[in-house]
Amino acid sequence: MRFHRVKELVAWAADYHRGLAERYDRLAAGDVSDRVRMALEYLAEHERKMQTELTRYLDEGGDHRKVLETWFDDPADFPHAPTLDRLTECMACDSVQDVLATALTMHRTLQDLYAHRIEQASIEAEREFFAALASGHEAEVRRLARDMQRLEDY
């Protein structure tokens with residue numbers, strides 16, 4: 001569908017984080033080294049946190065209620081969704097660095113989706129909302145990389 005409300009994109013992103021958490025949990029339960037298992041469990045918890053934060057926007061509404069109800073026209077639909085799905089399917093788990101590389105790529109792709117919405121926003125409130133999401137996501141990616149590197153150094 002070509003027309004969406006901002007809240008549909010936020011709900012999609014929250015659901016994507018939930019799916020990633022489940023995927024990480026399944027991979028951690030598989031035949032992987034202890035460090036990779038710890039990395040996957042950490043990532044699963046991180047994704048659940050990201051899902052919770054996005055869901056909170058939807059549940060509370062509050063200051064964001066108007067922007068969440070804003071419609072946007074994007075003929076490309078959610079442009080990065082197929083890329084994210086492919087990344088999830090082909091995740092390598094041979095080392096912590098493999099896991100981290102794929103996780104960072106997925107997060108950067110989500111950031112690109114938010115940046116795309118910033119560029120395409122029709123009102124300032126929508127632009128500010130997605131800028132805040134992108135900024136928060138960028139901080140999470142830095143924290144994720146730092147914490148995963150500590151695990152690798154451990």
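From the N terminus on, the elements of the chain follow the order β-α-α-α-β-α-α-α. This amounts to six helices and two strands in a model that is predicted. Of the 154 residues in the chain, 43% are buried. Among contacts with a separation of 6 or more, 78% are between residues 24 or more positions apart. The exposed area of the chain is about 8200 Å², and 50% of this area is supplied by carbon and sulfur atoms.

The interior was examined next. The largest nonpolar core contains 39 residues. Within this core, the residues with the most contacts are Tyr24, Leu40, Val99, Phe129 and Met148. At least two core residues come from each of α1, α2, α3 (65–68), α5 (96–120) and α6. Helix α1 makes the greatest contribution, giving ten residues to the core. For phenylalanine 129, when neighbours within four places in sequence are left aside, the contacts are Val6, Val10, Tyr57, His64, Val67 and Leu68.

Glutamate 126 belongs to helix α6. This glutamate has a relative accessible area of 0% and is therefore buried, the limit for that class being under 20%. With residues up to four places away in sequence not counted, glutamate 126 touches Val6, Val67, Thr70, Phe72, Arg117 and Ala121. Val6 and Val67 also appear among the contacts of phenylalanine 129.

Two alanines illustrate pairings between positions separated in sequence. Alanine 14 is located in helix α1, and its relative accessibility of 5% places alanine 14 in the buried class. Apart from residues up to four places away in sequence, alanine 14 touches Gln51, Leu54 and Thr55. The C-alpha atoms of alanine 14 and glutamate 47 are 9.0 Å apart in space, although 33 residues separate the two in sequence. Alanine 101 is part of helix α5; at 41% relative accessibility, alanine 101 is partly exposed. Between alanine 101 and alanine 145 the sequence separation is 44 residues, and the C-alpha to C-alpha distance is 9.1 Å.

Charged side chains were then considered. Over the whole structure, 16 salt bridges are found. One of them pairs arginine 48 with aspartate 25, with an N to O distance of 2.9 Å. Arginine 48 is in helix α2 (residues 34–60) and aspartate 25 is in helix α1 (residues 6–28), so this salt bridge ties together parts that lie 23 residues apart in sequence. Both partners are partly exposed: the relative accessible area is 30% for arginine 48 and 33% for aspartate 25.

Other salt bridges fall within a single helix. In helix α6 (residues 124–153), glutamate 138 and arginine 142 are four residues apart, so that about one helical turn separates them. Their side chains meet in a salt bridge with an N to O distance of 3.2 Å. Glutamate 138 is partly exposed at 41% relative accessibility, whereas arginine 142 is exposed at 51%. The value for arginine 142 falls in the exposed class because that class begins over 50%.

A further salt bridge in the structure joins arginine 143 to glutamate 140, and the closest N and O atoms of this pair are 2.8 Å apart. Both residues lie in helix α6 with a spacing of three residues, about one turn of the helix. The two partners fall into separate accessibility classes: arginine 143 is partly exposed, with a relative accessible area of 24%, and glutamate 140 is buried, with a relative accessible area of 11%. The pair also takes part in a network of salt bridges with shared partners, made up of Lys49, Glu53, Glu140, Arg143, Arg146, Asp147 and Arg150.

Notes
Residues are numbered from 1 along each chain as its sequence is written. This is a predicted model: local features need pLDDT of at least 70, side-chain atom pairs count only at pLDDT 80 or more; totals for chains, interfaces and linings use all residues. Side-chain values use heavy atoms; hydrogens and water are left out. A salt bridge is a side-chain nitrogen of Lys or Arg within 4 Å of a carboxyl oxygen of Asp or Glu. Buried means under 20% relative accessible area, exposed over 50%, partly exposed in between (1.4 Å probe, protein chains only). A nonpolar core is a set of buried Ala, Val, Leu, Ile, Met, Phe, Trp, Tyr and Cys residues joined through side-chain atoms within 4.5 Å. Contact means heavy atoms within 4.5 Å. Accessible areas come from the Shrake-Rupley method with a 1.4 Å probe; for residues, only the protein chains shown count as cover.
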